[in-house]
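Welcome! Here is a short guide to help you find your way around a new structure. Take a first look, and then read on.

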Amino acid sequence: VGGNYRSAIWTLDGNMTVFGEGYVSGGYDVNNEGTMICGYAYHPKKNNRTPVLMKPDSLLLDYTNIGPFSVARAFSPDGNIVLGDKVIYNIKENKTTRIDLSGVYAYEFYRATNAGNAVGHYSIGMYDHMHAAYIRDGKVVDLQKYLEDLGVDLSGWTLIQCTGITEDER
């Protein structure tokens, strides 16, 4: 509406709940209960996009304090973990863990687990191909190497991206 984007949840009975009222925002994921959205909002004081958790009656701005133009990408299945583009945030413990991006050139993370791990992809240089990523204990791990070290035969395969992970990380 007038260039002001809002995040909303529609239910099958035709009801709509708008989140982050008064802010330009975009939602990336919704928790299983449909009570919270994670994404970004335009931060009026910082003049940029910042990661947010949105509820119908409140907006928690910049919970990660990680700097400009970031997003909150996904909830864990139990809704207690939020995956950001540079952090993993535990809602219950109000604890932010920075993802160690040492040696990583480009990346995108997609799904978080209840244990606070995540998956996505990364590259180590401008001309490097993408590698599937497993974020474990806040560190980016090459998923292919990790699986091969566990004894998984990936002969003939090159894993370049992982967009989902089960709740028990199997």
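How many residues lie between strand 11 and strand 12 in the hairpin that they form? There are five residues between the two strands, and within that turn G116 has a positive phi of about 90°. Please keep in mind that this is a predicted model. The points below begin with the whole chain and then visit some of its parts.

**The chain as a whole**

- The chain contains 14 strands and one helix.
- It has 170 residues, and 41% of them count as buried.
- About 9,700 Å² of the chain's surface is accessible, and carbon and sulfur atoms account for 51% of that area.
- If you take the contacts between residues at least 6 apart in sequence, 34% of them join residues at least 24 apart.

**The hairpin of strands 11 and 12**

- Strand 11 covers residues 106–112 and pairs with strand 12 in the antiparallel sense, over six bridges.
- One residue pair to look for is R111 and V119: V119, in strand 12, is the bridge partner of R111.
- In general, the side chains of a regular strand alternate between the two faces of the sheet.
- A115 belongs to the loop between strand 11 and strand 12. A115 counts as exposed because its relative accessible area is 62%, and the cut-off for exposed is over 50%.
- The C-alpha atom of A115 is separated by 9.6 Å from that of N90, although the two residues are 25 apart along the chain.

**A nonpolar patch on the surface**

- Three residues, Y105, M126 and Y127, make a nonpolar surface patch of about 450 Å².
- Y127 sits in the loop between strand 12 (118–123) and strand 13 (131–136).
- Is Y127 buried or exposed? With a relative accessible area of 80%, Y127 is exposed.

**Loop residues with a positive phi**

- Most residues other than glycine have a negative phi, so a positive value is worth a look.
- N94 has a positive phi, near 50°, and is a residue other than glycine. You will find N94 in the loop between strand 9 (87–90) and strand 10 (95–98), and its relative accessible area of 56% makes N94 exposed.
- D137, also not a glycine, has a positive phi near 55°. The loop that holds D137 runs between strand 13 and strand 14 (139–142), and D137 is exposed, at a relative accessible area of 63%.

**A buried loop residue**

- N31 lies in the loop between strand 3 (25–30) and strand 4 (37–43).
- Why does N31 count as buried? Its relative accessibility is 7%, and buried means under 20%.
- Leaving aside residues up to four places away in sequence, N31 touches M36 and F75.

**Cysteines**

- A disulfide is a covalent bond between the sulfur atoms of two cysteines. To be counted as one here, a pair of cysteine sulfur atoms has to be within 2.5 Å, and by this rule the count is zero.
- C38 is buried, with a relative accessible area of 0%.
- C162 also counts as buried, at 14% relative accessibility.

Note on methods. Residues numbered from 1 in each chain as written. Predicted model: local features only at pLDDT ≥ 70, side-chain atom pairs only at ≥ 80, totals over all residues. Heavy atoms only, no water. Buried < 20%, exposed > 50% of the residue type's maximum accessible area, 1.4 Å probe, protein only. Patch = residues over 30% accessible without salt bridge, like charges linked within 9 Å, V, L, I, M, F, W, Y side chains within 5 Å. Areas by Shrake-Rupley, 256 points an atom, 1.4 Å probe, with all protein chains shown as cover. Salt bridge = Lys/Arg side-chain N within 4 Å of Asp/Glu carboxyl O. Helix = DSSP H or I, 4+ residues; strand = E, 2+ residues; numbered from the N terminus. Contact = heavy atoms within 4.5 Å. Pairing = 2+ DSSP bridges.
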